[in-house]
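Colleague: Mind if we go through this one together? I'd like to hear how you read the contacts and the odd backbone spots.

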Amino acid sequence: MNDTTGLGDDVQLITLDVNGTSYEVITAPRRTLVDVLRHDLRLTGTHVGCEHGICGACTVLVDGLPVRACLMFAAQAEGARITTVESLADPGTGELSDLQRAFTAHHGLQCGFCTPGFLMLAQGFLAERPEATKEDIREVVAANLCRCTGYQTIVEAIDACATARRSQRAMGAEEESCN
Amino acid sequence: MTSAKDDRLVGRSVARREDPRLLSGRGRFVDDIELPGMLHAQFVRSTVAHGTITEIDLTRVRQVPGVVAAFTAADLELGDITAQLGRPLSEFVPTAMPVLARDRVRYVGEPVAVVVARDPYLAEDGLEAAKVTYAPLPPITCEEQALAPDAPRVHAEAAGNTLVDVGLFATEGIDEIFDQAPCVVHVDVRTGRQNALPLETRGAVAQWDAREEQLVLHACTQTPHQVRTVASRCLRLDERAVRVIVPDMGGGFGLKCVVGREEIAAAAAALRLGRPVKWIEDRKDALSASFLAREQHYTARAAFDADGRILGLDADVVCDMGAYSCYPFTAGIEPLMASAEMPGVYKVPAYRVRGRAITTNKAPTAPYRGVSRPQYVMAMERLMERAARELRLDPVEIRRRNVITDFPYTGVNNITYDPGSYLESLDLCERALREAGWYDRQAAATAEGRHIGIGYSCFSERTGYGSAAFAQRKMEVVPGFDLAEVRMDTSGAVTATTGTISHGQSHETTMAQIVADTLHLDIAKVKLHQGDTDRITYGWGTFASRSIAVGGSAVRLAAAKLGDKLRAIAAAEWGIPPEDTELDRGRVRRRDDPDVALSYERLADTAYLTSHLLPKDIDPGLTATAVFDVHNDGTFSNATHGVVVELHEGTGQVEILAYFCVEDCGVAVNPQVVEGQCRGGIAQGISGALFEQITYDAQGEPSATSFMDYKVPTAQEIPEVVIHHLETPCAFTATGAKGAGEGGTIGAPAAVLNAVNDALRPTGVELDNTPITPETVHRALTPRTPEQTP
Ligand code: FES
Ligand code: FES
């Protein structure tokens with residue numbers, strides 16, 4: 001056996017589409033998506049809090065839907081669109097998205113370890129359900145764990161973002177109807 | 001022109017400066033560190049709770065593809081970690097904690113050997129090939145077993161499995177007081193074993209830097225300088241040959257303020273192999289084999305006069321510290337804290353206490369947010385409630401009659417409490433609940449047969465522990481002071497250092513607020529360094545809510561000194577006394593002619609680039625250092641928590657309907673951050689009251705190895721919290737701040753327990769233990785037929 005990759009001899013070449021960039025990765029079949037994102041692609045924004053699907057720190061979007069990247073093998077994500085926390089801020093200016101700004105305005109993070117997971121959870125959820133009420137948001141947010149904030153400010157941040165997006169859309173619609 | 005006062009940042013919710021990187025995935029946590037040639041460590045851990053190791057066979061481990069090395073204690077020749085108290089053997093028994101178990105294992109999960117491989121997956125493969133044989137010994141898994149007369153010993157040197165046994169106070173004549181008191185009440189309070197559970201598990205990356213001749217240890221720790229000390233001693237290196245760097249940290253809550261064994265073992269492996277080694281604890285180990293906390297038992301009684309005033313308090317405190325004494329605090333931390341501070345916010349004229357730390361075959365414990373205070377507050381508050389019932393007094397009224405109102409107050413425990421708002425917070429909290437209509441709603445619900453209860457807790461928490469307060473505990477290693485440096489470069493930008501370290505508390509923002517205000521400088525010009533033993537001369541790290549009270553004070557004093565130097569340079573240039581100058585928005589200006597001013601950049605140019613222009617008595621450069629310590633008994637933040645719960649008959653579920661917190665932490669440097677600390681702490685306190693517990697079976701096997709069997713509350717269980725602030729500025733700190741990190745965790749369990757008991761009032765059942773499980777509540781709510789009654 002002449003394994004120089006450190007991955008064992010059972011390796012495969014896969015292609016992953018992450019944040020709009022296509023990556024070719026040589027990996028072992030048992031390697032999880034979160035490990036490939038973090039350690040092979042060096043996209044370390046996505047975190048690992050439990051490796052067994054409960055804490056949600058590893059949440060990323062796969063074809064737009066929140067998924068726990070510790071519960072998925074990287075090979076299973078081939079052909080899908082993966083989105084991580086690194087995609088949220090403007091790539092050119094680094095300017096934070098409205099969701100990220102809401103988190104800072106409402107103090108929705110302390111240590112920040114759970115934060116990428118909550119951001120991606122909210123990002124996916126609000127895209128699907130822009131009309132979500134604060135109660136809906138609280139229910140969805142309960143999918144992830146945070147040990148620092150007591151959750152209230154996370155819920156408030158997401159709710160504020162959703163509300164602002166709705167009023168912006170309403171204004172946009174109004175402007176359109178004026179034209 | 002606005003006055004300088006209007007620009008002040010202290011007291012304002014300045015946006016967090018750490019947020020942009022944490023929100024965009026640019027934070028750097030320990031597992032984000034990747035070094036060329038890095039290897040990965042995992043630990044072979046004991047599968048038995050108590051036993052001698054008869055054989056460790058790592059031959060097959062070393063054959064696993066990808067495994068580079070596997071070491072036992074004998075291979076690494078490491079020193080032990082031994083925490084010491086300067087107390088006689090009758091009061092304290094030191095116990096050595098080997099970095100890897102040598103001949104004996106004392107809990108399930110104890111590290112026995114370390115496997116190093118090219119990849120974490122392969123390291124785990126290696127673990128599976130390890131063969132360790134044990135000759136099991138009978139495990140000690142509870143207080144009763146530990147203290148049984150002929151119990152086997154966890155440590156041969158600790159008779160009666162007792163590591164600490166201290167009677168700190170015993171007022172003369174206390175027995176007569178109890179004999180003659182019109183009312184004596186008892187409680188028996190037990191709290192479950194918990195995990196502080198930062199979301200980021202522990203971890204380390206160790207590397208030998210040949211050029212610097214230095215071991216660089218990136219570690220996830222709240223106390224970098226103490227980790228450096230232990231690493232240098234265990235590895236037999238000079239302290240300067242060890243550099244501990246703490247990157248971003250995903251919570252700590254006290255768990256990360258003690259020195260762990262795995263960090264040291266990973267460092268030893270890196271030295272042996274000449275390659276960087278990373279260790280990241282997985283959640284299973286974090287839950288079961290890391291440091292745990294909280295398991296305590298209070299047998300207490302209190303004597304009251306007929307009007308409900310306390311006459312005496314008599315308590316026996318037993319803390320189950322698990323298998324080892326943590327470094328540097330020792331197993332004494334919990335019983336000594338409880339013994340010294342139990343009277344809390346109440347005027348207690350007579351006091352007797354015995355505090356014990358016992359050792360068992362369970363994972364060792366570390367401090368956890370609140371340290372004993374959640375428990376002794378619970379015991380005190382249960383005593384209050386029980387006396388109120390006995391004497392038919394309103395629960396708020398009995399507290400009102402007993403809280404300390406005249407400050408400074410020196411208690412029967414020899415502690416002098418600085419001014420606080422004990423009565424005011426209680427009154428305000430009750431009023432807030434009344435005005436929100438909760439008492440009316442409770443009455444209406446009770447009439448409908450629903451079970452709604454209202455509960456309170458009042459407490460103060462010593463926060464600014466200086467070295468004087470820690471020295472009273474007789475720790476051999478005495479924490480307390482903090483050291484800060486503030487330096488300005490020629491661009492007028494400032495770097496401040498602190499010996500404290502943020503794991504979510506926003507130091508980069510709050511410390512910068514303090515510096516910016518003190519130097520009248522734009523906050524954008526201020527940067528904070530923390531968590532690097534080569535950049536920071538010394539520090540005690542972050543625990544006991546000390547960062548802003550002690551660390552922030554040092555930062556403030558250093559900044560003020562730097563300001564003085566800037567003024568001195570300007571004054572020399574103008575040929576006027578420094579007193580005739582003042583700092584004003586990035587400049588020094590003349591008091592007699594405010595239009596005449598020199599910018600900091602210009603003064604820094606003089607200090608560094610044309611230092612020949614400085615007068616003889618002014619040294620070149622612009623740096624200032626300051627040390628701050630609290631020289632008295634510390635400072636006391638205080639709060640009242642009020643909570644409304646509903647108990648559900650069918651399920652025994654406890655639902656929190658409302659939560660109010662009135663807190664006073666002195667000057668709040670950043671109110672939003674303070675509120676964040678309160679909310680987070682309350683969530684953890686509620687969790688301790690209702691959900692979290694790690695139990696052990698008779699074999700010493702822990703019940704929780706994943707989040708499937710350890711209930712961490714989510715957004716569904718944690719209510720919105722209404723917070724009111726009171727502000728009694730602290731006279732002993734340079735910032736006027738007390739501390740705000742732990743209060744939430746301290747107040748919540750007692751308040752929740754009291755609220756549940758209030759709801760249970762019609763049933764006659766009273767609960768004293770946490771966590772309060774649905775089974776207990778269900779049992780209490782289910783009327784029993786006479787045959788069922790025991
Ligand atoms: S790390 Fe994936 S859910 Fe916890
Ligand atoms: S902010 Fe620390 S875990 Fe959520």
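Modeller: Sure, one term before we start: buried means under 20% relative accessible area, exposed over 50%, and partly exposed in between (1.4 Å probe, protein chains only). This is a predicted model, where local features need pLDDT of at least 70 and side-chain atom pairs count only at pLDDT 80 or more, while totals for chains, interfaces and linings use all residues. Residues are numbered from 1 along each chain as its sequence is written, chains are lettered from A in the order in which they are written, and side-chain values use heavy atoms, with hydrogens and water left out.

Colleague: Is Leu197(B) buried or exposed?

Modeller: Leu197(B) is found in the loop between strand E10 (183-191) and strand E11 (203-209) of chain B; helices (H or I, at least four residues) and strands (E, at least two) are DSSP runs, numbered from the N terminus. Its phi is positive, about 55°, although Leu197(B) is not a glycine. Most residues other than glycine have a negative phi. At 1% relative accessibility, Leu197(B) counts as buried.

Colleague: Which residue offers its backbone oxygen to the side chain of Gln222(B)?

Modeller: Gln222(B) sits in the loop between strand E12 (214-219) and helix H7 (224-235) of chain B, and is buried, with a relative accessible area of 1%. Its side chain makes a polar contact of 3.3 Å with that of His503(B) (a pair of N or O atoms within 3.5 Å; within protein, one must be able to donate a hydrogen and the other to accept it, and residues adjacent in sequence count only if both atoms are side-chain atoms). The backbone oxygen lying 2.7 Å from a polar atom of the Gln222(B) side chain belongs to Thr542(B).

Colleague: What area is buried between chain A and chain B?

Modeller: Contact here means heavy atoms within 4.5 Å, and 53 residues of chain A are in contact with 56 residues of chain B. Buried area is the accessible area (1.4 Å probe) that two parts lose on being put together, summed over both. Carbon and sulfur atoms give 54% of the total, which is about 4,500 Å².

Colleague: How many salt bridges are there between chain A and chain B?

Modeller: A salt bridge is a side-chain nitrogen of Lys or Arg within 4 Å of a carboxyl oxygen of Asp or Glu. Arg138(A) and Glu720(B) form one of them, at 3.7 Å, N to O. Between chain A and chain B, the count is eight.
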